[in-house]
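Visitor: I should like to understand the terms applied to this structure. Please set each one against its definition.

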Amino acid sequence: MTGSAWPPELSKEHEQHVLDHAADWALAHGLVLRPLDASTTSGIHAPYSLFPSPFPRHLFEEAKRLQPLYNDLYARITADDAFLEQVVGGAVSKVDEFQGRLYDIWKQVKKEGIKQSLALGLFRSDYLIHAPDRTSPDQYEIKQVEFNTISSSFGALSTRVGELHRYLLASGAYPSHPSLTPSALHPNPALSGLASGLAAAHKAYGNDNAAVLMVTQDNERNAFDQRPLEYELIEKHGIRLLRIPFSQLRTTLSLDPSTHALLYTPSSPLPSLPSPLEISLVYYRTAYSPTDYYTSAEWDTRLLIERSKAIKCPSVGMQLAGAKKVQEVLGSHPEALERFVKSEKDREELRRTFTELYPMDDSELGKEALRKAYEESERFVLKPQREGGGNNIYRGDIPPFLDRLAEEDKRRGIDEQKGYILMSLIEPPKGMEQVLVKAGEDKGRRADVVSELGIYGVVLLRENVDDATALPEVLVNETVGHLLRTKGRESDEGGVAVGFSVIDSPMLT
Ligand code: ADP
Ligand code: MG
Ligand code: MG
């Protein structure tokens, strides 16, 4: 960073000018959400930062450089039955009902024989900058928060926010500032890259007349992060994508008994589309959280899809590979990383991004973790096997939480604690400020902030169905863009959709 303050201080009139231009650009370019009342046909702009946020260029480049390694690592984990059996099939699937059900589906489909050996991953590896006290910016490191293998969102909106910030610079709305240059605002092809991943999987399926199925949550507010993928597919690739809520699939999906093709039969089919319609690829923007399965019918739907020969993004095995337990095992057991990454140099690069990770089980390491969780709780976050934000337990809340869990476990005769992992807290740089803008607030909110960088990765892999010990064939391995989410320092969590944070873009320094 230069010596000049960030973000620049503006006169009231000037800030209003930037706010007005930003809001109009956002509404004009689909940087929008559905309002809380999802029944209306209006939209509000998504939360964004008024300026891009400074981010060290070398750390941004490092995160991008690592993505092909992470893509490959998670492709290999997905295809390693013995590893998933051991790591997820152990205590986790027994004490965590949700993981247990996913695991059962995986086992069942493996036993029956999988009908589709291809799987698509639209991944996102998330990082925070680790800057413990008294380190200077050249000593900062990136540390991985988590690796998402299902429903990695905000690709489209993050592409838009990058464009918004470039527009505000090019149009002269921003004041001049030495760090704020066109070359500091890196292009972000997340939207087109994720769509190309979907297109590659569709083509690999090999039926031009089939369509891609995007499965969403009911009453999805984040529709305008999803629709652009449909539009990209039709406009650039000539591929149809149907966007259907999970709950509507109970009655509309079926399997062709002889070919195992996945067939979609809408209750009121369009005259111009075949009915039933064959589905080439099922892309989940739901199904990662217990609450996404509204009734047992959604579990039946999930099983039906897994049994089909449609390609899944992700397959249930790939979803299991993204469990936080897997991240913990990679971090706490060096031989696990050695199993998947043969090059010592690559392992070293990956390991540099790991925090301290511990199991919460009966092993020696688990006992040490339990002691740390009580005696050094201020250094840690405790995580269950969940996605979607809002599930973690931080710092001083950990000991009383574990006390309660132990009591409940005793009463119920299970050991739920084993379904958690303990992770050391990453310490982002202090003194970062940003103007956070939410629809309906007439001014931006200046706040002390923390930014989380996500890198999107696309993987198309082919498992060897005859040999569960063979390496998968990785047909596509790409790094396709990034997401910067910025939140007020006071909030521990960072889900944009749950209202804790805004979408940002990096200003490389
Ligand atoms: P989820 O899958 O629910 O998004 P995460 O592991 O990403 O779970 O945790 C949610 C949020 O909690 C992150 O976006 C980040 O803000 C915060 N967080 C998670 N792990 C850490 C950590 N080790 N250090 C600091 N903050 C963390
Ligand atoms: Mg996650
Ligand atoms: Mg997360």
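Guide: The discussion takes one strand and then a pair of helices.
This is a predicted model, in which local features need pLDDT of at least 70 and side-chain atom pairs count only at pLDDT 80 or more, while totals for chains, interfaces and linings use all residues. Residues are numbered from 1 along each chain as its sequence is written, and chains are lettered from A and ligands numbered from 1 in the order in which they are written.

Visitor: Why is strand β5 called largely enclosed by the rest of the structure?
Guide: A residue is buried if 20 or more other C-beta atoms lie within 10 Å of its own. In β5 (residues 118-130), 13 of the 13 residues are buried, so the strand is largely enclosed. L120, R124 and D126 are among those pointing one way, F123 and Y127 among those pointing the other way, and all are buried.

Visitor: What makes β5 a partner of strand β18 and of strand β6?
Guide: Two strands pair if DSSP finds at least two bridges between them. Eleven bridges join β5 to β18 (residues 445-462), and seven join β5 to β6 (residues 141-148); therefore both count as pairs. Both pairings are antiparallel. D126 is bridged to G454 in β18, and Y127 to Q144 in β6.

Visitor: Why is helix α7 called roughly perpendicular to helix α8?
Guide: The helices α7 (residues 190-205) and α8 (residues 223-237) pack at about 65°, with their axes 9 Å apart. Roughly perpendicular covers angles of 65 to 115 degrees, so α7 is roughly perpendicular to α8.

Methods:
Buried ≥ 20, exposed ≤ 12 C-beta atoms within 10 Å, placed from the backbone. Helix = DSSP H or I, 4+ residues; strand = E, 2+ residues; numbered from the N terminus. Axes fitted to C-alpha atoms, helices over the stretch in contact; angles between N-to-C directions. Parallel < 35°, antiparallel > 145°, perpendicular 65-115°, else oblique.
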